[in-house]
Every structure is written in structure tokens, then in C-alpha cells.
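Hi there,

Here is the structure I promised to pass on to you. Please open it beside this email, and then read on for what turned up in it.

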Amino acid sequence: MKHFLIISLLFWGQITYLAAINPKPFVIPEIKEWKGAEGALTITANSRIVIDKEYVELRQIATLLAQDWALLFGKELAITTGKATRGDIQLSFTSSKKIGNEAYTISTTDRVSLSAATPTGLYWGTRTLLQIAEQTKDQSLPCGIIKDEPAYGMRGFMIDCGRKYIPMDYLQNLVKIMSYP
């Protein structure tokens, strides 16, 4: 009976431990690789978008992320250069040759570190962050590591602008909506 009690306690302790690990976040398209951890990070009004070096591409992507964050959540995130601290979103380029042009990695602990080899990969990573943050009222992001890249090399949509006039602002909005994975 004593052994049964110990085994039962160990079994239930393991179940409790597994339940604390964050499940894979739901995004479209689905994330390729997820390693969940415990806890979540809430992006607040004091959070910043931090770029590690002053590159034009990093600044542009950080600006797009800040604008979209303000539009979706009503929170202005400041953009700064340097080291990220608790609650910040760090954007950086990696020199790894092992990842594809549109691949990215997101690591969420007490801060978010988003890295990619190219501006395109970094941009797709910001779209994933927005999708995950949109799923909770307080814009919390589950702790864990995402490694993702597109399954297909080409994204597309066809619209016939030759037979019907379609205003340019409508087309620009449509492209923005489509870029939101």
C-alpha cells in the first residue's frame, strides 16, 4: 500500500508539472516548432521595442510593430536601441546560415527576443507576436521558444483589377490584412 501511495503521488506530481508547461500557441499558419515553458509575459505600456543596432531595416520593422500594436491594443510602445530589459521586445538579426530567408526564432522569458537572418523573417515574426498577443485581454505571451519558417516559398492572391476599378487604398489594406498570417 505504501508503494502504491508513493507511485500515485509521483504520477499526479508529473501530471501537475506537465499541465504547467504552456501549450503551442494557435497562429495561422501553424508554428513549425514549439518548446513550451512555464509562465507568461504581459506586454504593458512600460514595455519597449528594443533594436540591438541602428539598422534601417530594424528601425522600419520596429516602427511597423509599434504602429500595429497601438492600433490593435491601444498601447504605444517606445522604440529604443540597446539592451532589452524585463518586459521588452528585442528585435535583432542573427548571422546563422542554418535558417532560411523567412525563418525566425522567438524566445519568451521575462522579455521577448525575436531574431531572424533577414528583414523578411523578422517581419513574419512580428506578425506571429501580434497574433499571439491578440488572443488574451492583457496581451500576455506564453513563455517558450518558437522556431518557425513558411512551408511554401510563395504566398499569393489574385484579384482582377482590369475589369473593375478597385481603389489603391483598398488594395493596400488588403495586402496588409493578408500579411497578417
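Let's begin with one term: a residue is called buried when its relative accessible area is under 20%, exposed when that value is over 50%, and partly exposed in between. Please also keep in mind that this is a predicted model.

**A good residue to start with**

Try the term out on T126, which sits in helix α3. Is T126 buried or exposed? Its relative accessible area is 0%, so T126 counts as buried. What does T126 touch, once its neighbours within four places in sequence are left aside? The contacts are I61, L65, L91 and L114.

**The whole chain**

Now zoom out. The chain has 4 helices and 7 strands. If you trace the chain from the N terminus, you meet its elements in the order α-β-β-α-β-β-β-β-α-β-α. Of the 181 residues, 35% are buried.

There is also something to say about which parts of the chain meet. Take the contacts with a separation of 6 or more: 65% of them are between residues 24 or more positions apart.

As for the outside, the accessible surface of the chain is about 11600 Å². Carbon and sulfur atoms account for 61% of that surface.

**A nonpolar patch**

Have a look at F157, I159, Y170 and M178, which make a nonpolar surface patch of about 400 Å². One of these residues, Y170, belongs to helix α4, which covers residues 168-179. Y170 has a relative accessibility of 44%, so it counts as partly exposed.

**Salt bridges**

Next come the charged residues. Side chains of opposite charge can pair when their charged atoms come close. How many salt bridges does a search of the whole structure find? The count is 7. Here are some that you can find for yourself.

- R127 and D68: their side chains form a salt bridge with an N to O distance of 2.5 Å. This pair joins distant parts of the chain, since R127 is in helix α3 and D68 is in helix α2 (residues 56-73), 59 residues apart. Both R127 and D68 are buried.
- R59 and E54: here the salt bridge has an N to O distance of 2.7 Å. R59 is partly exposed, with 27% relative accessibility, and E54 is partly exposed too, with a relative accessible area of 48%.
- R111 and D110: the closest N and O atoms of this salt bridge are 3.1 Å apart. R111 has a relative accessible area of 26%, so it is partly exposed, and D110 is partly exposed at 25%.

R111 and D110 also belong to a network of salt bridges that includes R86.

**Two threonines to visit**

T108 is found in strand β5, residues 104-108. With a relative accessible area of 6%, T108 is buried. Not counting residues up to four places away in sequence, T108 is in contact with L41, L141, P142, C143 and G144.

T136 is in a loop, the one between α3 (119-133) and β7 (140-148). Its relative accessible area is 29%, so T136 is partly exposed. Where does the side chain of T136 reach? It comes to 2.9 Å from the backbone nitrogen of S140. T136 and T42 are 94 residues apart along the chain, and their C-alpha atoms are separated by 9.6 Å.

**And the cysteines?**

You may remember that a disulfide is a covalent bond between the sulfur atoms of two cysteines. How many disulfides are counted here? The count is 0, going by whether a pair of cysteine sulfur atoms lies within 2.5 Å. Two cysteines are still worth a look. C143, which you met above as a contact of T108, is buried with a relative accessible area of 8%. C161 has 37% relative accessibility, so it counts as partly exposed.

**A short tour for your viewer**

If you would like a route through all this, try these stops:

1. T126 in helix α3, buried at 0%.
2. R127 and D68, the buried pair that meets in a salt bridge.
3. T108 in strand β5, with its contacts, among them C143.
4. The patch made by F157, I159, Y170 and M178.

Have fun exploring, and do write back with any questions!

Best wishes

How values were computed: Residues are numbered from 1 along each chain as its sequence is written. This is a predicted model: local features need pLDDT of at least 70, side-chain atom pairs count only at pLDDT 80 or more; totals for chains, interfaces and linings use all residues. Side-chain values use heavy atoms; hydrogens and water are left out. Helices (H or I, at least four residues) and strands (E, at least two) are DSSP runs, numbered from the N terminus. Buried means under 20% relative accessible area, exposed over 50%, partly exposed in between (1.4 Å probe, protein chains only). Contact means heavy atoms within 4.5 Å. Accessible areas come from the Shrake-Rupley method with a 1.4 Å probe; for residues, only the protein chains shown count as cover. Patches are made of residues with over 30% relative accessible area and no salt bridge: like charges are joined within 9 Å, nonpolar side chains (Val, Leu, Ile, Met, Phe, Trp, Tyr) within 5 Å. A salt bridge is a side-chain nitrogen of Lys or Arg within 4 Å of a carboxyl oxygen of Asp or Glu. A polar contact is a pair of N or O atoms within 3.5 Å; within protein, one must be able to donate a hydrogen and the other to accept it, and residues adjacent in sequence count only if both atoms are side-chain atoms.
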